[in-house]
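Hi there,

Here is the structure I promised to pass on to you. My notes follow below it.

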Amino acid sequence: MTIQTIHAAKEKKEITRIILEALPDWFGIPEAREDYINKSTDNLFFAAFEGEDPVGFLYLNETGKSTVELYVMGVLEKYHRKGIGKALFLEAKKTALKQGYSFMQVKTVQMGCYDSYDRTNRFYLSLGFQEFEVFPTLWDEWNPCQIYVMAL
């Protein structure tokens, strides 16, 4: 498995589409999925490959002069719990530090709402993110938004 920084907009969109369409439990709302795909082109983008095949990605979005957001991340389910998400994150964190960011944030559905998102929450906590704030209706009342932060 290798981690690469991807620069070409077309390749970013292709990788994002392949991974997100394969993860309907997390990215099942077509409009939201398309938004992630379209926004991929303008952001720092990292992909994990098994041979020639993309198996995961993440991209960062600047939210302030000192803060970058882990905007979206996806790893094909058969590759979960194999260190790919952590490897993607570590590469993204290293790049964020080089680019002068001081903080990173990530948003997800609050712990306790859905099993699949509870796994996501535990993953972010294992990386060193800490709970910052919950916005109960930022997305909608069924998906309270948990924000995690970390100092880089």
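Let me start with a small puzzle: is Cys145 buried or exposed? Cys145 is buried, with a relative accessible area of 0%; here buried means under 20% relative accessible area, exposed means over 50%, and partly exposed lies in between (1.4 Å probe, protein chains only).

Before the rest, some ground rules. This is a predicted model, in which local features need pLDDT of at least 70 and side-chain atom pairs count only at pLDDT 80 or more, while totals for chains, interfaces and linings use all residues. Residues are numbered from 1 along each chain as its sequence is written, and side-chain values use heavy atoms, with hydrogens and water left out.

Cysteines

A search of the whole structure turns up zero disulfides, a disulfide being a pair of cysteine sulfur atoms within 2.5 Å. Why is Cys113 not bonded to Cys145? The closest cysteine sulfur to that of Cys113 is in Cys145, 11 Å away, which is too far for a bond. Unlike the buried Cys145, Cys113 is partly exposed, at 33% relative accessible area.

Salt bridges

Side chains of opposite charge can pair when their charged atoms come close. The search of the whole structure finds five salt bridges, each being a side-chain nitrogen of Lys or Arg within 4 Å of a carboxyl oxygen of Asp or Glu. Arg17, Glu21 and Glu34 are linked in a network of these.

In that network, Glu21 bridges to Arg17, with the closest N and O atoms 3.0 Å apart. Both sit in helix α1 (residues 9–21), four residues apart, so about one helical turn separates them; helices are DSSP runs (H or I, at least four residues) and strands likewise (E, at least two), numbered from the N terminus. Arg17 also meets Glu34 in a salt bridge, at 2.7 Å from N to O. This second pair links distant parts of the chain, Arg17 being in helix α1 and Glu34 in helix α3 (residues 30–39), 17 residues apart. As for accessibility, Glu21 is partly exposed at 44%, Arg17 is partly exposed at 31%, and Glu34 is partly exposed at 28%.

Another salt bridge joins the side chains of Lys39 and Asp35 (3.2 Å, N to O). These two lie in helix α3, four residues apart, or about one turn of the helix. Lys39 is partly exposed at 35% relative accessibility, and Asp35 is partly exposed at 33%.

Core and surface

The largest nonpolar core has 39 residues, among which Leu58, Leu60, Leu70, Met104 and Phe129 touch the most other members. Such a core is a set of buried Ala, Val, Leu, Ile, Met, Phe, Trp, Tyr and Cys residues joined through side-chain atoms within 4.5 Å. Leaving aside neighbours within four places in sequence, Leu70 is in contact (heavy atoms within 4.5 Å) with several residues, including Leu58, Leu60, Phe89, Met104 and Tyr124.

On the surface, Phe135, Leu138 and Trp139 form a nonpolar patch with about 290 Å² of accessible area together. Patches take residues with over 30% relative accessible area and no salt bridge, joining like charges within 9 Å and nonpolar side chains (Val, Leu, Ile, Met, Phe, Trp, Tyr) within 5 Å; areas come from the Shrake-Rupley method with a 1.4 Å probe, and for residues only the protein chains shown count as cover. Phe135 lies in strand β6 (residues 130–140) and is partly exposed at 33%.

Happy browsing!
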